[in-house]
Each structure stands twice: as structure tokens, then as C-alpha cells.
Amino acid sequence: LFQFLFFRLFIQSIAGGDQTETFKVWGNCGMCKKTIEKSLRIEGVKKATWDVKSKQLTVSFNPKKTDLKKIQHAICGAGYDNDGCKGNDEAYNKLHSCCKYERK
């Protein structure tokens, strides 16, 4: 086990490691959570978790394969406003009624 952990840390240090960012994504419910997290099934994203109550998304990604701007735009493409961009209007209009949050 120790050798495996050491090897993994060594590989991550060579590769530069993953980056983790947290930012606000507007939404309302568990259905929103599913859609937001699903929108981040893109190359380079390792893990994405959106908290319904706090509206905070925590995402871990490989900065050599993607960046924060691409991640935020993927969420906007699904219709959700976030700290980086305004959600796509057409996608927002197609959201289930319970998912339509108050837009600014």
C-alpha cells in the first residue's frame, strides 16, 4: 500500500497534478445537480460536485487538458448561470420548471 501511494504521488508530481476550483452555479434542486454535474463529463474533468444548498460547485480537473473557462462554459451550455458566464437562454428555457432559478 505504501509503495502504491508513493508511486501515485510521484506520478502526480511529474504530471503537475490536478487543480481544484470552487465557484457558484445557480440552480434549485436535485435535478439541477444531476444536469450540472453531467454537463462536466468532458475531457480533463476528474470530479464535479454541486451542492444544492450553497450553490457551490467544486471541480477537480487536469489543467493540461481543460481550464476553468471551458468548464464554466460547459455548464452555461446546459442552461445554468455561474460565476464565469450566463447560461444559454435556449437551454435554460428547456429546463424543467423546478429548475428555473431567478436570473439576474
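**Notebook: salt bridges, a core and one asparagine**

I started with the charged pairs and found five salt bridges in the structure. A note to self: I am working from a predicted model.

**Entry: the linked charges**

Which residues are linked in a network of salt bridges? I got Asp81, Lys86, Asp89 and Arg103. I went through the pairs around Asp89. Lys86 bridges to Asp89, and their closest N and O atoms sit 2.9 Å apart. Arg103 also meets Asp89 through its side chain, at 3.0 Å from N to O. I looked up where these two partners lie: Asp89 belongs to helix H4 (89–93), while Arg103 is in the segment after that helix. They are 14 residues apart, so I jotted this pair down as one that links distant parts of the chain.

Next I checked how open the two are to the outside. Asp89 has a relative accessible area of 40%, which makes it partly exposed. Arg103 comes out at 22%, and I put it down as partly exposed too, because buried would need a value under 20%.

**Entry: another bridge**

I then turned to Glu90 and Lys94, whose side chains meet in a salt bridge at 3.5 Å, N to O. Buried or exposed, I wondered, is Glu90? Glu90 is exposed, at 55% relative accessible area. Lys94 is exposed as well, with 66% relative accessibility.

**Entry: the nonpolar core**

Away from the charges, I looked up the largest nonpolar core, which has 21 residues. The members that touch the most others are Val25, Leu40, Leu57, Val59, Ile71, Ile75 and Tyr80. Which elements give two or more residues to this core? My list reads helix H2 (30–39), strand E2 (45–50), strand E3 (56–61) and helix H3 (68–77).

I picked Leu40 for a closer look. Setting aside residues up to four places away in sequence, Leu40 touches Val45, Ala48, Leu57, Val59, Ile71, Ala74 and Ile75.

**Entry: Asn62**

My last stop was Asn62, which I found in the loop between E3 and H3. Is this loop residue buried or exposed? Asn62 has 14% relative accessibility, so I filed it as buried, the cut-off being under 20%. I followed its side chain and saw that Asn62 reaches the backbone nitrogen of Lys64 at 2.8 Å. With neighbours within four places in sequence left aside, Asn62 is in contact with Asp18, Gly44 and Lys46.

Conventions:
Residues numbered from 1 in each chain as written. Predicted model: local features only at pLDDT ≥ 70, side-chain atom pairs only at ≥ 80, totals over all residues. Heavy atoms only, no water. Core = buried A, V, L, I, M, F, W, Y, C linked by side-chain atoms within 4.5 Å. Buried < 20%, exposed > 50% of the residue type's maximum accessible area, 1.4 Å probe, protein only. Helix = DSSP H or I, 4+ residues; strand = E, 2+ residues; numbered from the N terminus. Contact = heavy atoms within 4.5 Å. Salt bridge = Lys/Arg side-chain N within 4 Å of Asp/Glu carboxyl O. Polar contact = N/O pair within 3.5 Å; in protein donor to acceptor, adjacent residues only side chain to side chain.
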